[in-house]
Amino acid sequence: MKPKFFIQFFISFCVIAVGALAFYEYYQSQKEKQKQEELSLFLPHVNLEELESFQIKKENNQLIAEKKDQKWLLIEPVKDLMSWTEFSRWFDSIKRQKVQKMDSDNLDWKNYYLDSAP
């Protein structure tokens, strides 16, 4: 009776050990995938709560926003109060943009309307 119990115990232990190893490998792969995804984001470690102001410039146009008394104010192009929900949704969409590296030697610039100077 004892050898049969030992064999059942040993087989059960092996099944549990293989299951635990499979779970550990799956967990590590998911963790690595999440880390790689975070590294590919445009602004991975910027939190909206930590910002006091930001500015976006493009040629002669610019967008300036400042945080005063826990409220976001749009300074340029017009002075106005910003909706927190809309602003945070907009900022999250910018923050989560993925960075893509492109091989500029094999790039067809005509697809981006950049084939000739204006």
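Two helices and four strands make up the protein chain in this structure, which is a predicted model. Reading from the N terminus, you meet the elements in the order α-β-β-β-β-α. That gives a simple route for a first look: begin with the opening helix, move on to the sheet, and finish with the closing helix.

**The opening helix**

Helix α1 covers residues 2-39, and Ile 11 is found in it. Ile 11 also takes part in a nonpolar surface patch, together with Phe 6, Ile 7, Phe 10 and Val 15. This patch has an area of about 540 Å².

**The sheet, strand by strand**

Next comes an open sheet of four strands, in the order β1-β2-β3-β4 and with antiparallel pairing. Its edge strands are β1 (53-58) and β4 (80-81), each of which pairs on one side only. The table follows the pairings across the sheet.

| Strand pair | Sense | Bridges |
|---|---|---|
| β1 and β2 (residues 61-68) | antiparallel | six bridges |
| β2 and β3 | antiparallel | five bridges |
| β3 and β4 | antiparallel | two bridges |

Some residue pairs help you find these pairings in the 3D view. Ser 53 stands opposite Glu 66 in β2. Moving along to β3, Trp 72 is the bridge partner of Lys 67. For β4, look for Leu 81, the bridge partner of Leu 73.

The turns are worth a look too. β2 and β3 form a hairpin with two residues between them. In that turn, Asp 69 has a positive phi of about 55°. Another hairpin joins β3 to β4, this time through three residues.

As you follow any of these strands, a general point may help: in a regular strand, side chains alternate between the two faces of the sheet.

**The closing helix**

Which strands does helix α2 touch as it packs on the sheet? Helix α2 (residues 84-95) touches β1, β2 and β3 (71-76). The direction of helix α2 makes about 60° with that of β1.

**The chain as a whole**

Now step back to the full chain. How much of it counts as buried? Of its 118 residues, 9% do. The accessible surface of the protein chain comes to about 11000 Å², and 57% of this belongs to carbon and sulfur atoms. Among the contacts with a separation of 6 or more, 38% are between residues 24 or more positions apart.

Terms used:
Residues numbered from 1 in each chain as written. Predicted model: local features only at pLDDT ≥ 70, side-chain atom pairs only at ≥ 80, totals over all residues. Heavy atoms only, no water. Pairing = 2+ DSSP bridges. Contact = heavy atoms within 4.5 Å. Axes fitted to C-alpha atoms, helices over the stretch in contact; angles between N-to-C directions. Patch = residues over 30% accessible without salt bridge, like charges linked within 9 Å, V, L, I, M, F, W, Y side chains within 5 Å. Areas by Shrake-Rupley, 256 points an atom, 1.4 Å probe, with all protein chains shown as cover. Salt bridge = Lys/Arg side-chain N within 4 Å of Asp/Glu carboxyl O. Buried < 20%, exposed > 50% of the residue type's maximum accessible area, 1.4 Å probe, protein only.
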